[in-house]
Amino acid sequence: MWRRVASLSPMISSSSPSRSLARNQAAFGLNIRESFATEISKPEEGAKSPFITFVLGGPGSGKGTQCEKIVETFGLTHLSAGDLLRREIAMHTKNGDMILNLIKDGKIVPSEVTVKLLQKELESSNSSKFLIDGFPRTEENRVAFERIVGADPDVVLFFDCPEEEMVKRVLNRNQGRVDDNITTMKKRLKIFEALNRPVIDYYKNKGKLYTINAVGTVDDIFKQVLPIFTPFEEQLKQSRHVNPKSPLVENSS
Ligand SMILES: Nc1ncnc2c1ncn2[C@@H]1O[C@H](COP(=O)(O)OP(=O)(O)O)[C@@H](O)[C@H]1O
Ligand SMILES: Nc1ccn([C@H]2C[C@H](O)[C@@H](COP(=O)(O)OP(=O)(O)O)O2)c(=O)n1
Ligand SMILES: [Mg+2]
């Protein structure tokens, strides 16, 4: 479905982020001059573009939990940026230690690393419908994906949750994560406000953002998610991985 078309370096050129964004990124130790000696992939000519949903929200807002339900119902392929990064740590790859230190400190991993992991998953998958969870977390993430992968999201979900609730959930998550502690969580919330908000605003202005009130039971929240996918019914029905119980699958009986 994807093909590599050109090499790209450096990543940030005339479309570099605004000055305030650059200040934010500098404040959080991000290097906006990061160089991308990598290749761009684009969907093959004649091939249909993949259906992409980005899933945004603060730490503990319930992204992963809702993604599981979306996968179950609509058969999208779930790619969690955080899980892909944690896999690098567990596999002791060359970036493993660097990723671990950034995650422990509540910081964002350089976009080149994360986008390449996502790109590999997209390229090797047979699916044409993806749920990309926890990405893009910064404007730099967003621009890197656009330019390296060469695709735009069809839908952007934003799970809107008060900080107090997010803190409570993260501290009770119990998955043994190195970042699930109050010190890292405080840093993550600051970074979320400074770096993810501009991404949310970007998709709001593009008319692609769907804001979901992330307080309530898992099922109540999912009730808000369901109708968002209705306009994409036809595209989603074509998925090979759709659960037979999905409301989008016609009942043949
Ligand atoms: N609606 C909800 N109400 C209460 N707890 C929730 C809800 N949704 C998820 N959780 C719990 O909160 C924690 C964080 O959820 P998770 O899906 O991992 O969030 P995120 O991926 O946004 O960090 C998990 O322990 C999860 O079981
Ligand atoms: N696009 C991303 C996604 C995650 N990361 C890093 C930094 C994040 O704090 C950690 C954990 O991300 P993850 O999405 O798993 O976290 P939550 O589910 O929101 O708690 O991974 C990143 O650097 N860039
Ligand atoms: Mg998560």
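**Figure 1. Phe54 and Phe145, two buried residues of the predicted model.** Both Phe54 and Phe145 are buried. Their ring centres are 5.3 Å apart and their planes stand at 75 degrees, so the pair is edge-to-face; the cut-off for that class is over 60 degrees. Phe54 belongs to strand S3, residues 51–57, and Phe145 to helix H6, residues 139–148, so the pair ties together parts that lie 91 residues apart in sequence. The structure holds seven aromatic pairs.

**Figure 2. Tyr202 and Tyr203 as an edge-to-face pair.** The two rings lie 5.0 Å apart, centre to centre, with 85 degrees between the planes. Tyr203 has 2% relative accessibility and therefore counts as buried. Tyr202, at 22% relative accessibility, counts as partly exposed, because the buried class ends at 20%. Ring pairs link Tyr202 and Tyr203 with Phe54, Phe135 and Phe145 into a cluster.

**Figure 3. Charged side chains over aromatic rings: Arg142 with Tyr202 and Lys69 with Phe222.** Arg142 lies over the face of Tyr202, 3.4 Å from the ring centre. Tyr202 is also a member of the ring cluster that includes Phe135. In the other view, the charged end of Lys69 sits over the ring of Phe222, at 5.4 Å from the ring centre.

**Figure 4. Surroundings of ligand 2.** Ligand 2 is surrounded by 19 residues, of which Lys63, Arg86, Val109, Arg137 and Arg173 are the closest. An N or O atom in the side chain of Lys63 is 2.6 Å from an oxygen atom of the ligand. For Arg137, a polar side-chain atom lies 2.7 Å from an oxygen atom of ligand 2. The side chain of Asn141 places an N or O atom 3.1 Å from a nitrogen atom of ligand 2. On its own, ligand 2 has 520 Å² of accessible area, and the protein covers 96% of that area.

**Figure 5. Asn141 in helix H6.** Is this residue buried or exposed? Asn141 has a relative accessible area of 3% and is therefore buried. Helix H6, which contains Asn141, also contributes Phe145 to the aromatic pair with Phe54. In the unreviewed UniProt entry, the annotation "binding site" covers Asn141. In the model, an N or O atom in the Asn141 side chain lies 3.1 Å from a nitrogen atom of ligand 2.

**Figure 6. Surroundings of ligand 1.** There are 14 residues around ligand 1, and Gly60, Lys63, Thr65, Arg173 and Gly216 come nearest. Lys63 and Arg173 are also among the closest residues to ligand 2. A polar backbone atom of Gly60 is 2.8 Å from an oxygen atom of ligand 1. From Thr65, a polar side-chain atom lies 2.5 Å from an oxygen atom of the ligand. Gly216 has a backbone N or O atom 2.9 Å from a nitrogen atom of ligand 1. The protein covers 75% of the 560 Å² of accessible area that ligand 1 has on its own.

**Figure 7. Lys190 in helix H8.** Helix H8 spans residues 182–205 and contains Lys190. With 59% relative accessibility, Lys190 counts as exposed, because the exposed class covers values over 50%. Lys190 and Gly106 are 84 residues apart in sequence, and their C-alpha atoms are 9.3 Å apart in space.

Definitions and conventions
Residues numbered from 1 in each chain as written. Chains lettered and ligands numbered in written order. Predicted model: local features only at pLDDT ≥ 70, side-chain atom pairs only at ≥ 80, totals over all residues. Heavy atoms only, no water. Phe/Tyr/Trp six-rings, centres within 6.5 Å; stacked < 30°, edge-to-face > 60°. Helix = DSSP H or I, 4+ residues; strand = E, 2+ residues; numbered from the N terminus. Buried < 20%, exposed > 50% of the residue type's maximum accessible area, 1.4 Å probe, protein only. Lys NZ or Arg CZ within 6 Å of the ring centre and 35° of its normal. Near = heavy atom within 4 Å. Polar contact = N/O pair within 3.5 Å; in protein donor to acceptor, adjacent residues only side chain to side chain. Areas by Shrake-Rupley, 256 points an atom, 1.4 Å probe, with all protein chains shown as cover. UniProt positions renumbered as here; feature names shortened; annotations may be inferred.
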